[in-house]
Amino acid sequence: MTRPPRNRAAVLAATTALTAALLAGCGNGNDEAQDPDPVGSSTSATPTDVPPDTSTPSESASTTDQPADTVTVPVYFVGETPQGPKLYREFRKVQADNPLEEAAALVTAGDALDPDYRTLFTSNAITSIDFSDGAGAIAVQLADDSWGPRPAGMTKRDAKLALQQLVYTLQGVQQSRVPVLFQVDADPVTVFGIDTAGGIKAAAPLDVLALVNVTAPEEGATVSGTFKASGVASSFEATVPWEIRQGDSLGQVVKKGFSTAEGWMDKLYPWETEVDVSDLAPGTYSFVAMTDDPSGGEGGGPTEDSKTITVE
């Protein structure tokens, strides 16, 4: 995609000038979620602790046979849940020269692998994205104020979630829980009707993230024998039921089981299980992970994340 010229010097200068404001905070999130262990600068590093939840990309999304000029990063998209729109994560390979901008381009374009995911952005006004270690912030430089007013049909809740799409993605790429600045000509701007002058922080995980997310298998994966399924979840008593359904995610259940996550209630925790498909006929299926629903559906039903798979 073609991007307008960048003024990195002005961006970094303005970012440094806003250090005091960022340290003071602006109430656009909280700092209670766990801090990440930063990924090394090598492009072969695998993101093992992406804020705000912890899990690793599947083998096919990791650095196996990965070109030296690419890096695997987390990208957040929007999906539907019983609680309304929430964020789901995909691990994606992007060019290593500027992964922040590459990941942001996927977000604004809605370029998700999973067809159940989408974006709340209708355009890309970003000209550059820079991380300033001195100021402790990620600066998103915009070409103009086209993102200023809230688009017709976008609710205030959706506007906040759109900002969180970028915040979670950029923090995950940078492996640093720092505020995100939105600027035009190095000046803070309003985005979708939201004042961003103090920087936007990551909201609490359970406020914006879907309560279950499948990391492996990826959408469109081919499996055979026994494969490893994994992801993150916040599910009742840490129980993460899963099903394999014939055809799409609404199809007939042909196999089911459950996994136990490492925790629940306060954030999303990793879960992992082995799934035996050796007795299934070759064909297209859906692997579906979900939250446990002790209410029997009275609370809106479980949150789900499904991936189309091909059994050989």
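This section walks through the fold, cores, cavities and local backbone features of a predicted model.

The chain carries five helices and 16 strands. Of its 312 residues, 54% are buried. Long-range pairing is a clear theme here: among contacts between residues at least 6 apart in sequence, 69% join residues at least 24 apart. On the outside, the chain exposes about 13300 Å², and carbon and sulfur atoms supply 48% of that area.

Two of the helices deserve a closer look. Helix α3 covers residues 99–109, and eight of its 11 residues are buried, so this helix is largely enclosed by the rest of the structure. The buried set in α3 consists of L100, E101, A103, A104, A105, L106, V107 and T108. Just after α3 comes G110, which takes a positive phi of about 65°.

Helix α4 runs over residues 156–174. With 19 residues at 1.5 Å a residue, α4 should span 27 Å, and its end C-alpha atoms are indeed 27 Å apart, so the expected and modelled spans agree. In α4, 15 of the 19 residues are buried, so this helix too is largely enclosed by the rest of the structure. The residue that follows α4 is Q175, located in the loop between α4 and β5. Although Q175 is not a glycine, its phi is positive, at about 60°. With a relative accessible area of 4%, Q175 is buried, because the cut-off for burial is under 20%.

Attention now turns to the nonpolar interior. The largest nonpolar core has 51 residues, and within it W147 and F182 touch the most other members. At least two residues of this core come from each of β1 (70–79), β2 (86–95), α3, β3 (126–132), β4 (137–142), α4 and β5 (180–184). The biggest contribution is that of α4, which gives nine residues. Leaving aside residues up to four places away in sequence, F182 touches V140, L163, L166, D187, P188, V189, V191, T196 and I200. A second core, separate from this one, holds 21 residues, including V214, V223, W271 and V311.

The interior also holds some empty space. Two cavities of 30 Å³ or more are found, and the largest cavity contains about 110 Å³ of space. Its lining is made up of 11 residues, among which E90, F91, T215, E218 and K307 lie nearest the centre. Both β2 and β9 (212–216) give two or more residues to this lining, with the largest share, three residues, coming from β2.

Several loop positions complete the picture. In the loop between α5 (205–208) and β9 sits L211. The C-alpha atoms of L211 and L268 are separated by 6.9 Å, with the two residues 57 apart along the chain. L268 is also one of the residues that L211 touches, together with Q83, L206, V232, A233, S234, T291 and T303, when residues up to four places away in sequence are not counted. On the other side of β9, the loop between β9 and β10 (221–223) holds P217. The peptide bond from A216 to P217 is cis, with omega near 5°.

Finally, E237 is found in the loop between β11 (226–233) and β12 (239–246). E237 is not a glycine, yet its phi is positive, at about 55°. With a relative accessible area of 51%, E237 counts as exposed, because that label applies to values over 50%.

Definitions and conventions:
Residues numbered from 1 in each chain as written. Predicted model: local features only at pLDDT ≥ 70, side-chain atom pairs only at ≥ 80, totals over all residues. Heavy atoms only, no water. Buried < 20%, exposed > 50% of the residue type's maximum accessible area, 1.4 Å probe, protein only. Helix = DSSP H or I, 4+ residues; strand = E, 2+ residues; numbered from the N terminus. Contact = heavy atoms within 4.5 Å. Areas by Shrake-Rupley, 256 points an atom, 1.4 Å probe, with all protein chains shown as cover. Expected span 1.5 Å × (residues − 1). Core = buried A, V, L, I, M, F, W, Y, C linked by side-chain atoms within 4.5 Å. 1 Å grid on protein atoms, 1.4 Å probe; cavity = no way out; pocket = protein on both sides within 12 Å on 5 of 7 lines; lining within 4 Å. Points joined across faces, edges and corners; volume = space filled by probe spheres on them.
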